Amino acid sequence: MIKSLPLSEVYRLLEPGPVVLVATADKNKNNVMTMSWHTMMEFEPPLIGCVISGRNHTFDTLLKTKECVIGIPTAKMIDKVVKIGNCSGRDTDKFKKIGLTPLPASRVKAPLVKECYANIECKISDANLVGKYNFFILKAVKAWIDPKAKNPKIIHHGGKGNFTISDKAVKIASKMK
Ligand SMILES: Cc1cc2nc3c(=O)[nH]c(=O)nc-3n(C[C@H](O)[C@H](O)[C@H](O)COP(=O)(O)O)c2cc1C
């Protein structure tokens, strides 16, 4: 038996993972937001597409500075990840309030997030779809990873407060990179 699924629920089937943090800096004022709507677009140089709502402070800062850091949190950060996604850098110093540690990046002014197991320094590659879809195409210019993190548990968003924690890594021969 199948039943009709409201179109408003479709995103929950295709939600890309993992949930990430987007760190920005405007005149040395650091901010960070939670993001789950993103997609890989090219292997190398890595291109990453992401939808960032025009209501978010991050949208303004990213457009203005043209750079950000994408941090990948592990499952143990899930409470912080949700808090970060439920307040705004317009009126809150999220690094301080939520207890995150900014570290200097090498190619952008936005900070790395120390608590994340990986961080990707990005610059806007193409903003042509921002006006119509809030869709930013970012180019990764430098990436960092915690060498101790082996198959870390990462967070996937299922919408409406539902999350999946990935905890099993499998390797299957494939032609994809
Ligand atoms: C799990 C989760 C995923 C989210 N994904 C996105 C997203 O992909 N794009 C977006 O614009 N906002 C997303 N948000 C909402 C922003 O994180 C939220 O609006 C945040 O408060 C914006 O902060 P800012 O105003 O400091 O930029 C998400 C929130 C949560 C909790």
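## A tour that starts at the ligand

Select strand β2 to begin: this element supplies 4 residues to the shell around the ligand, the largest share. Keep in mind as you click along that you are looking at a predicted model.

**Stop 1: the shell.** Now show everything that surrounds the ligand. You should find 20 residues there, and the closest are S53, T58, C87, S88 and G89. Try colouring the shell by residue type: 8 of its residues are nonpolar, 11 are polar and 1 is charged.

**Stop 2: backbone contacts.** Zoom in on the ligand and turn on the backbone atoms. Which residue has a polar backbone atom 2.6 Å from an oxygen atom of the ligand? Select C87 and you have found the residue in question. Next, pick T34, where a backbone N or O atom lies 2.8 Å from a ligand oxygen atom. Then go to V51, whose polar backbone atom is 2.9 Å from a nitrogen atom of the ligand. How much of the ligand does the protein bury? On its own the ligand exposes 640 Å², and the protein buries 85% of that.

**Stop 3: the pocket.** Switch on a surface view. The ligand sits in the largest pocket. To see which elements give two or more residues to the shell, select β2 (29–35) and α2 (57–65).

**Stop 4: the first hairpin.** Stay with β2 and add strand β1, residues 20–26. These two strands run antiparallel and pair over 7 bridges. Look for T34 again, the residue with the backbone atom 2.8 Å from the ligand: in β2, T34 is the bridge partner of L21. Follow the chain round the turn, where 2 residues separate β1 from β2 in a hairpin. One residue to click on in this turn is K27, with a positive phi of about 50°. Also click on N28, in the loop between β1 and β2; the phi of N28 is positive too, near 65°, in a residue other than glycine.

**Stop 5: the second hairpin.** Select β3 (residues 38–42) and β4 (residues 47–51), an antiparallel pair joined by 4 bridges. Highlight T39 and you can trace across to its bridge partner in β4, G49. The hairpin from β3 to β4 passes through 4 residues.

**Last stop: a cis bond.** Where in the chain is P45? Look in the loop between β3 and β4. Select E44 as well, and inspect the peptide bond joining E44 and P45: the bond is cis, with omega about 0°.

Terms used: Residues numbered from 1 in each chain as written. Predicted model: local features only at pLDDT ≥ 70, side-chain atom pairs only at ≥ 80, totals over all residues. Heavy atoms only, no water. Near = heavy atom within 4 Å. Polar contact = N/O pair within 3.5 Å; in protein donor to acceptor, adjacent residues only side chain to side chain. Areas by Shrake-Rupley, 256 points an atom, 1.4 Å probe, with all protein chains shown as cover. 1 Å grid on protein atoms, 1.4 Å probe; cavity = no way out; pocket = protein on both sides within 12 Å on 5 of 7 lines; lining within 4 Å. Sits in = over half its atoms within 2 Å of the grid points. Nonpolar A, V, L, I, M, F, W, Y, C, P; charged D, E, K, R; others polar. Pairing = 2+ DSSP bridges.
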